[in-house]
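Open your viewer and keep a selection box handy. We will go from one side chain outward to the whole chain.

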Amino acid sequence: MDHGGEPSSQQALVEEYEALLSRTRLMLDSARDADWPALVDQESTYIMQVKQVAKLDAERHLDANQRARKAEILEQILENDLEIRERLIERRDELGKLISASQRQRNLRHAYGVGKGGPTPPTDLHHIKGAP
């Protein structure tokens, strides 16, 4: 029965954390490249890896050196995660602006009946009473 004290099982746990770090680097690369489908694909694999590492972590105990390495890895993972989140927020805001612009266009087309044989929107507003 493995009590988590064997160096090989401890090293295996650290390697799992390193694999998580590698995955977050791939995810960050995808976010930096604005490759959102690849990011989503990586994220689903990352979630499965996190579950696996959590299970192993509960079963194994690390010595002081390996705990320090685990802490370094987790710090790097968190830094990657922060940048990924920042880039996702930027993307969300960008999409929000595009959606808003699209809705304004649709509302203008609807208001002026553009494309339905109705009147076309005015191009020169100076002829309208009260226009500047």
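Start by selecting W36, which is buried, with a relative accessible area of 18%; buried means under 20%, exposed over 50% and partly exposed in between, using a 1.4 Å probe and protein chains only. Before you zoom in, note that this is a predicted model, in which local features need pLDDT of at least 70 and side-chain atom pairs count only at pLDDT 80 or more, while totals for chains, interfaces and linings use all residues. Residues are numbered from 1 along each chain as its sequence is written, and side-chain values use heavy atoms, with hydrogens and water left out.

**Stop 1: around W36**

W36 belongs to helix 2. Helices here are DSSP runs of H or I with at least four residues, strands are runs of E with at least two, and both are numbered from the N terminus. Now show what surrounds W36: leaving aside neighbours within four places in sequence, W36 is in contact with A31, R87, L88 and R91, where contact means heavy atoms within 4.5 Å. Draw a C-alpha to C-alpha distance from W36 to R91 and you should get 9.4 Å, for two residues 55 apart in sequence.

**Stop 2: helix 2 against helix 3**

Next, color residues 36–59 (helix 2) and 64–112 (helix 3); they pack at an angle of about 150°, and their axes are 14 Å apart. Those axes are lines fitted to C-alpha atoms, for helices over the stretch in contact, and the angles run from 0 to 180 degrees between N-to-C directions. Helix 2 and helix 3 are therefore roughly antiparallel to each other, a label for angles over 145 degrees; under 35 counts as roughly parallel, 65 to 115 as roughly perpendicular and the rest as oblique. Their crossing is left-handed, meaning that the near helix is turned anticlockwise from the far one by less than a right angle (clockwise would be right-handed).

To see who makes this contact, select W36, L39, Y46 and D57 on helix 2, then K70, I77, I84, R87, L88 and R91 on helix 3. By class, the contact has six nonpolar, no polar and four charged residues. Ala, Val, Leu, Ile, Met, Phe, Trp, Tyr, Cys and Pro count as nonpolar, Asp, Glu, Lys and Arg as charged, and the others, Gly among them, as polar.

**Stop 3: L39 and S30**

Center on L39, which touches M27, S30, A31, I84 and L88, not counting residues up to four places away in sequence. From there, hop to S30 in helix 1. Is S30 buried or exposed? S30 is buried, with a relative accessible area of 10%. With the same sequence exclusion, S30 touches D35, A38 and L39.

**Stop 4: the largest nonpolar core**

Which members of the largest nonpolar core touch the most other members? Of its 17 residues, they are L13, Y17, L20, L39, I73 and I77. Such a core is a set of buried Ala, Val, Leu, Ile, Met, Phe, Trp, Tyr and Cys residues joined through side-chain atoms within 4.5 Å. Helix 1 (7–32), helix 2 and helix 3 each supply at least two residues of this core, and helix 1 gives the most, with eight.

**Stop 5: Q76**

Select Q76 in helix 3; Q76 is partly exposed, with a relative accessible area of 28%. Outside the residues up to four places away in sequence, Q76 touches L21 and R25. The C-alpha atoms of Q76 and R25 are separated by 9.3 Å, although the two are 51 residues apart along the chain.

**Last stop: zoom out**

The protein has three helices and zero strands, following the pattern α-α-α along the sequence. Of its 132 residues, 23% count as buried.
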